[in-house]
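Notebook open, viewer running. I'm jotting down what I look up as I go.

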Amino acid sequence: MAQSVQAPCRLEAAAGLELARTLWELGELAVLGELPSERDQNFLLAGGSERFVLKIARAQDDALLLDAQNEAMLRVAARTVRFRVPVPLASATGRLIEETTDADGAQRLVRILRYLPGSPLAEADKDGLASEFGAVLGELSRVLAGFHHAGAVRDLYWDVRRSLDVVGEHAHEIADPERRAFVVRLAAQLEPAFATIPQLRLGVVHNDANDYNVLVEDGRVTGLLDFGDLLETVTVAEPAVGMAYAMLQAREPLAVARRFAAAFHERFALEPQEAAALLPLALARLCASVTLAAHQRSLAPDNEYLSISERDAWSLLEHVDGLELSGAQERVAAACAPPRPGRRSSQELLEARGRLIGPSLSLSYLRPLHIVRGAGAYLYDADGRAYLDCVNNVCHVGHAHPRVVDAAAAQMAALNTNTRYLHEHLLAYAERLVATLPEPLAVCYFVCSGSEANELALRLARAHTQRHDVVVLDEAYHGNTSTLVELSPYKFDGPGGAGRQPYVHVAPLPDPFRGPYRGDDAGRRYADAAGAALAEAPAAALFAESLPGCGGQIVPPPGFLHGAFELARAAGAVVVADEVQVGLGRVGSRFWGFELDGAVPDVVTLGKPLGNGHPLGAVVTTRAIADSFANGMEYFNTFGGNPVSSAVGLAVLDVIQDERLQQQAAGVGAHLLAGLRTLADRHELIGDVRGAGLYIGVELVASRDTLEPATAETARIVERAREDGVLLSTDGPFRNVIKIKPPLVFSRADADLLVATLDAAF
């Protein structure tokens, strides 16, 4: 049944070049090389600033088949802007297909297509691009709906309907007996799904969205190549084939399958029977792929392209072995649930927000995003477009991390209540958290946010010292309660602020780039300045972000934290380290930001990253301070430390440890800093690049001599990056610092994408 590999065309590069010059009259051309292919002979041509692909078909391919491919490409090119396809060029005679004779005297059909730039999906982060990929194929199916052509009606061994037949006919050619037996067994398990094929819709499909035919640029799927397998078959073949290759090399293949299916379904709705067949057909495609690779290797042992995905396909199939297939099939099908009726447009959402939500709650970007899901280091809008998230330090171990989601769901299904009952999770989480901190930090209080944590820390300090005043760093932000706004110069000195209250004393921001003290002794001088603020009045506490965020992603100079903490204790004040932005391994070389300077606070406040998006915060302090706070007034927090929150917190710590995310923050952060500093060598607008791990700031200046802030330029660059699919934000007193605080699953490839996007924006 399965066709054999056909002999490719034998045409020398010079002959191909002459063909393009004479038949297409393209002028000065050069051959850049030959491109791999299963069937055609393809030459990459350069003509000025343009690139073309000269395609010479097999002798067996007739003009009707190539015409079907051309018509499909032109239809897609005219009807979609989400991605590109190669467009055939008319020759000097106005035809899209010409003829030539190869070295063996055989007649060959010839076309020239415009070349598409990009990298293959096989080299990209498939976990991050699953929704983007699914949405692109969904749009492709929508555009091809209703398209018919006699050239697409043919018998093809890559027709997904034939997959089990391919296994039955050629599995004996798989050399490894264990793998041979496995494929035969899996094919038998998939047979029930094939019984529904006669009831499924038919249509023309591209049929070969493998990970080398799908192109990626700047973190987006931008192109689809090679319509050579165009075929009229079951419509669900399109997402089934794409899903098969989306799962290859993915860290979480079934999670990728669900995201891919959901995004496809949003663009081109699948019927229930099609959704149920989706995963079985994808796995059947992979079974056929490894079987045909064995068959074709015997026919064309020198053609590496024929088995380019074989190793990854085997790896995925072996991953699937042992899974409960019916359950996996149901979960993928469930991702194609009917879309929520009446989903509002972005403009309608903006109007509703204006009516219903307080106007002081701002939105990011001039064109606000309608984000509907997240995965890893990526967010996805309502159209399925992927955005690299470089600022969301709340989802510390990645958006929708399955272990965190599962921990929350499992505990929610069992019990959620307050801390007035004994529960193992609360104590296990406290033990795990305390184990990461230096002595004498040993007593925990659990809350729901960083603001609650800092509010409680202030109460602890005042109870312990019986004092009221507080020393803070300039440009600090500690939370959104009334008291914490009074402790935050970033707020009380900003728009709408009421100014400094008498009990608040402000020490200089320890900024070694823009501040008054620079050089080797800057840390000591800033510490002495904090000491001077402490001397203004007896203070209950010194509040200090370990690495100030709203101040501009500041890394304090060495000696500042250690010196300031010691001076605070000498003045009788409690030292509060605000780690809401930088804790849990973000700085890479250490688990906590204050450890970078060898400092130890009396109280640590935690928030954002603890729950990976679940509202969880904590205060950890010494036994002495906790005892002072126990003055007879009960401290109770309804939701703080509940079993679900504790289960989530434990899962986050597990993921950080098991996936070595602190080490990843160190390695990727160093790589990213090096790339950003390379940009600084090329772009005068960059005044400073600073950071630790994945806590990074890029400060822009109009002049490196005067340090005049480039505020407007910073805003424009962030907006440009957003349009290119990379999410950044601004911070600092002059809003001229690009802040970079991504989830810790941020990869080196993500870092390279960020640097390339910023380079283009600059």
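I began with Ala 255, which sits in helix α7, residues 253–267. I wanted to know whether it was buried or exposed. Its relative accessible area is 12%, so I have it down as buried. The cut-off for buried is under 20%. I then checked its distance to Asp 127: the two C-alpha atoms are 8.1 Å apart, with those positions 128 residues apart along the chain. Note to self: this is a predicted model, so every value here is computed from it.

Next I looked at helix α2, which spans residues 63–79. I picked two residues there, Gln 69 and Ala 78. Gln 69 has a relative accessible area of 4%, so it goes in the buried column. What does Gln 69 contact, leaving aside neighbours within four places in sequence? I found Arg 111, Phe 227, Gly 228 and Leu 230. Ala 78 is exposed because its relative accessibility is 66%, and the cut-off for exposed is over 50%. I also took the C-alpha to C-alpha distance from Ala 78 to Gly 219: it comes to 24 Å, for a sequence separation of 141 residues.

Then helix α10, residues 325–334. Which of its residues are buried? I get Leu 325, Gly 327, Ala 328 and Val 332. They lie on the same side of α10, because the arc they cover around the axis is only 160°. Glu 330 and Ala 334, on the other side of α10, are exposed. I kept the textbook rule in mind: an α-helix has 3.6 residues a turn, so residues three or four places apart point the same way.

I moved on to the nonpolar cores. The largest has 91 residues. Those with the most contacts inside it are Leu 672, Leu 676, Leu 728, Ile 738, Ile 740, Phe 746 and Leu 754. Another core lies apart from it, with 81 residues, and I spotted Leu 325 and Val 332 of my α10 list among them, along with Phe 147 and Ala 209. Back in the largest core, I listed what Leu 676 contacts beyond four places in sequence: Ile 686, Val 689, Ile 696, Val 698, Ile 740, Val 755 and Leu 758.

A polar residue came next. Where does Asn 637 lie? I found it in the loop between α19 (623–629) and α20 (643–658). With 12% relative accessibility, Asn 637 is buried. I looked for partners of its side chain and found a polar contact with the side chain of Glu 452 at 2.9 Å. A polar atom of the Asn 637 side chain is also 2.8 Å from the backbone nitrogen of Gly 640. Not counting residues up to four places away in sequence, Asn 637 touches Phe 446, Val 447, Cys 448 and Glu 452.

Last, the whole chain. I count 23 helices and 25 strands. The radius of gyration is 31 Å, close to the 27 Å from the globule rule for 762 residues, so I log the chain as being as compact as a globular protein of that length. The C-alpha trace spans about 95 × 60 × 50 Å along its principal axes. Buried residues are 56% of the 762. Of the contacts with a separation of 6 or more, 74% join residues 24 or more positions apart. I put the accessible surface at about 30800 Å², with 51% of that belonging to carbon and sulfur atoms.

Technical notes:
Residues are numbered from 1 along each chain as its sequence is written. This is a predicted model: local features need pLDDT of at least 70, side-chain atom pairs count only at pLDDT 80 or more; totals for chains, interfaces and linings use all residues. Side-chain values use heavy atoms; hydrogens and water are left out. Helices (H or I, at least four residues) and strands (E, at least two) are DSSP runs, numbered from the N terminus. Buried means under 20% relative accessible area, exposed over 50%, partly exposed in between (1.4 Å probe, protein chains only). A polar contact is a pair of N or O atoms within 3.5 Å; within protein, one must be able to donate a hydrogen and the other to accept it, and residues adjacent in sequence count only if both atoms are side-chain atoms. Contact means heavy atoms within 4.5 Å. The arc is that of the directions from the helix axis to the C-beta atoms. The radius of gyration is taken over C-alpha atoms; the globule rule is 2.2 Å times the number of residues to the power 0.38. Accessible areas come from the Shrake-Rupley method with a 1.4 Å probe; for residues, only the protein chains shown count as cover. A nonpolar core is a set of buried Ala, Val, Leu, Ile, Met, Phe, Trp, Tyr and Cys residues joined through side-chain atoms within 4.5 Å.
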